[in-house]
Amino acid sequence: KMTQQMRDLQLAQARKPPGPSSPNAAKRLYRNLSGKFRVNYTSFDEGSLAGRGEKEKLRKSYLFQSNAALFEAVELQDLDRVQELLKQYSPEELDLNTPNSEGLLPLDIAIMTNNAPIARALLQAGAKESPHFVSLESRSLHLSTLVREAEQRVNELMAQVVNEAHNADCSEKEKQLKAWEWRYRLYKRMKAGFEHARVPDAPTNVHLSVASSSSVQVTFWEPLSINSAVITKYKVEWSCSPTFSPPLGEAVIDKLKNLHFTIRGLVSGTAYYVQVSAYNMKGWGPPQASVPPFAIPSNWREYDGRAPRRRGQAEALDHLLGQVKTVHQHCVCHEPCKNQPQSRKHSVSKSLKHLFHPGSKFLKTLKRGLYLTAIFYKDENILVTHEDQIPVVEIDDTYSCLLMQDFLWFTKVSCMWDEILWLRQCVTVSQSSCSCILQTRFKMLLAISQMQGLLGIQDLGQVFFEPVKDKQGNILIVTLKEVKTNQTFESVRWVPICKLQTSRKSVSSPEEPTALDTLLISVQDKLAYHQRSSHALSPGLYLGYLKLCSAVDQIRVLVPEQLPNILCHVKIRSNPNISREEWEWLQKMASMEEPVPEEPEAETSQNHLFQELQVAIKELMMLVNIPLQEAKDFRLYSQEVLDFGGQVSFLLLLPPSDDVCTAPGQNNPYTPRSGFLTLPLQIFELGEE
């Protein structure tokens, strides 16, 4: 069949006038001769095309050329060009898994020439092997046919060149001969690569871990041997028997970017054995059993039947808030507002015009008091009023010293921006007591409502962890919000931050800057803090370091600047689950009066966790600048594993009891390296949420 196909191609080509010579005639002309080019490289003038149909033809023609270019790059072993094409076009546009007229795919050529880098690039892009090769015999026969027909064509052209030595077509025949000679050598190299290849060795570092009460995860590496053919897929098998008889299931992994697989739907408390094998064009290699040889799906909570700490808490809080609202809905304070909707929604594009309205109540200068400022930013731009000022409203002009408790109360209110109207009405009921604290907090709610009304936005963002103060007695509470939408608003002015900083005329001296000047100078740092505080950790199990320090009116916690919403930490492993067996071992270690790091038995999950913890503790101590010998008195928090959404979990490393929290005036002998800060504990708790 292949012989007849090649003859038909040659006859069809013989009837066509010869096309233009390729720039790389010795290596590319064979495509013109054997019909492998999908299109001729004709120069199109897109401006002369009329109608959508012609443009679509041009687009398809261009994609056909990219497909031909990919085949050419693979055959010429041009890795850079292959990567460029894979980045520029999608697999569908490249026809990545559509065989050419010889029944070959780009991946077939790469693996049979044993070009591992190109094969890996193609595999990561989703390339497959040709479905025509259903057996080793069919692949061998196909390659032999290609080699034989290419050799036959070379002999025919060589005879024609000799007989037509003085003919005008001789030069064209010589080009054809060179192209077919190059193709003949390519097919021979592919055939030799296939014949000399052997099945792959077993994968290495096959590690089995418990992923949950109903799943286990297996991770593995490529085989060590580099002499076999390129591996294109792996097979994971599992069974309740160490002999894998009978097998319970198997899965084939052909996406090789991450070599791991999670086996789900298992029975808790049952032991499962797992093995992994690799595949190349010569077939499946021997399986490799996992270490440990089996795993039992479980979770640390099964050790004592403990329920998740936060189960139902959010629902309970919502229910409690609903009850409070029900009690207050018939209060006198709500009578004037019965006809008002509970949620006052503004059109953002309309109400943001208030920023530029001459009658807006934003302040330009501060006059000794407590103020609220809202920073809205987008990329490197910041939202300002019509007078190029950051929006500021007054809270209290008689408030000269912000109490930490009032500030922390404000941060809690920031979790309920949508409920400010209701909160303000409820606080009004208690105004008769004339409490200074209630007066201040009522004014805070009024300022929030004023800012929301002027901006037309209820969500003012996240409160910065400390207010900005100056020596004149001004205090700024700062909120930060990033605007991610690409929508443009009429009459809204976004000013580059650098321009605002350079154009603002300061009314204070460098030695004693006002709170507004201080805010403007440090605005990039505050925006960076806001962005970093919203970053999430990648899934895994982490070791966190809990270190507190107390002051007269607050307790602060040590956090890294790069992730201020998380404790100082290092990653233990990618699997966040702690199995029942691992937790049982940790409990045993914690119950010892004199804990001795007794190494568990080899090839167990406990032993693997023990080794991972040793590495993590050394890394964490170096991170927070504590000598390793001092860590001998540290301990793991053994009451629970801190679970964050099922994808991230923490084990806590604690200093000795007397050193967990540093008292005022007490020196901490081990100061962390740069890159850390201390947050008020309540602020940290809100950020962690």
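Phe650 sits well inside the buried class, since its relative accessibility comes to just 4% in this predicted model. Its ring pairs with that of Phe644 in an edge-to-face arrangement, with 5.8 Å from centre to centre and 85° between the planes. Phe644 counts as partly exposed because its relative accessibility is 29%. A search of the whole structure turns up 13 aromatic pairs. Another of these pairs brings together Tyr273 and Phe294, this time tilted, at 5.5 Å between centres and with a 50° angle between the planes. Here the partners come from distant parts of the chain: Tyr273 belongs to strand 6 and Phe294 to strand 8, 21 residues apart. Tyr273 has a relative accessibility of 19% and so falls under the 20% limit for buried residues. Phe294, with 34%, is partly exposed. Elsewhere, Phe464, Phe465 and Tyr529 make up one aromatic cluster.

Strand 6 deserves a look of its own. It runs over residues 272-280, and nine of its nine residues are buried. Tyr272, Val274, Val276, Ala278 and Asn280 point one way, while Tyr273, Gln275, Ser277 and Tyr279 point the other way, with all of them buried. Strands of a sheet pair through backbone hydrogen bonds, in either the parallel or the antiparallel sense. For strand 6 and strand 3 (residues 233-239), the pairing is antiparallel and extends over seven bridges; within it, Trp238 stands opposite Val274. Strand 8 (residues 288-295) also pairs with strand 6 in the antiparallel sense, through four bridges, and Ala295 is the bridge partner of Tyr272 there. Then there is strand 7, a short run of residues 283-284. A hairpin of two residues connects strand 6 to strand 7, and the two strands are antiparallel with two bridges between them. Asn280 faces Gly283 across this pairing.

A separate piece of sheet architecture is an open, four-stranded sheet with the order 23-17-18-24 and mixed pairing. Strand 23 (661-662) and strand 24 (676-680) take the edge positions, and each has a single partner strand, so one side of each has no neighbour in the sheet. Strand 17 (residues 548-550) and strand 18 (residues 555-560) run antiparallel and are joined by three bridges. Cys549 has Arg556 of strand 18 as its bridge partner.

Turning to the chain as a whole, the secondary structure amounts to 20 helices and 24 strands. Of its 689 residues, 45% count as buried. Among contacts between residues at least 6 apart in sequence, 72% link residues at least 24 apart. The chain exposes about 36600 Å², and 52% of that comes from carbon and sulfur atoms.

Two of the helices show contrasting themes. Helix 12 (residues 404-413) is mostly covered, with seven of its ten residues buried: Met404, Asp406, Phe407, Leu408, Phe410, Thr411 and Val413. Helix 10 (residues 313-328) includes Leu317, which counts as exposed because its relative accessibility is 57%. Together with Leu320 and Val324, Leu317 forms a nonpolar patch on the surface, and the three have about 260 Å² of accessible area between them.

As for charged side chains, those of opposite charge can pair when their charged atoms come close. The structure as a whole has 16 salt bridges. One of them joins Glu84 to Arg81, at 3.2 Å from N to O. The two residues lie three residues apart in helix 4 (residues 79-88), which means that about one helical turn separates them. Both are partly exposed, Glu84 at 42% relative accessibility and Arg81 at 29%. In helix 9 (residues 170-196), Glu195 and Lys191 are four residues apart, again about one turn, and their side chains meet in a salt bridge of 2.5 Å, N to O. Glu195 is partly exposed at 42%, and so is Lys191 at 22%. Asp304 and Arg306 form a further salt bridge, whose closest N and O atoms are 2.9 Å apart. Asp304 counts as partly exposed, with 42% relative accessibility, and Arg306 does too, with a value of 30%. Finally, Glu75, Glu102 and Arg183 are tied into one network by salt bridges that share partners.

Conventions: Residues are numbered from 1 along each chain as its sequence is written. This is a predicted model: local features need pLDDT of at least 70, side-chain atom pairs count only at pLDDT 80 or more; totals for chains, interfaces and linings use all residues. Side-chain values use heavy atoms; hydrogens and water are left out. Patches are made of residues with over 30% relative accessible area and no salt bridge: like charges are joined within 9 Å, nonpolar side chains (Val, Leu, Ile, Met, Phe, Trp, Tyr) within 5 Å. Accessible areas come from the Shrake-Rupley method with a 1.4 Å probe; for residues, only the protein chains shown count as cover. A salt bridge is a side-chain nitrogen of Lys or Arg within 4 Å of a carboxyl oxygen of Asp or Glu. Buried means under 20% relative accessible area, exposed over 50%, partly exposed in between (1.4 Å probe, protein chains only). Two strands pair if DSSP finds at least two bridges between them. Contact means heavy atoms within 4.5 Å. Rings of Phe, Tyr and Trp (its six-membered ring) pair if their centres lie within 6.5 Å; planes under 30 degrees apart count as stacked, over 60 as edge-to-face and the rest as tilted.
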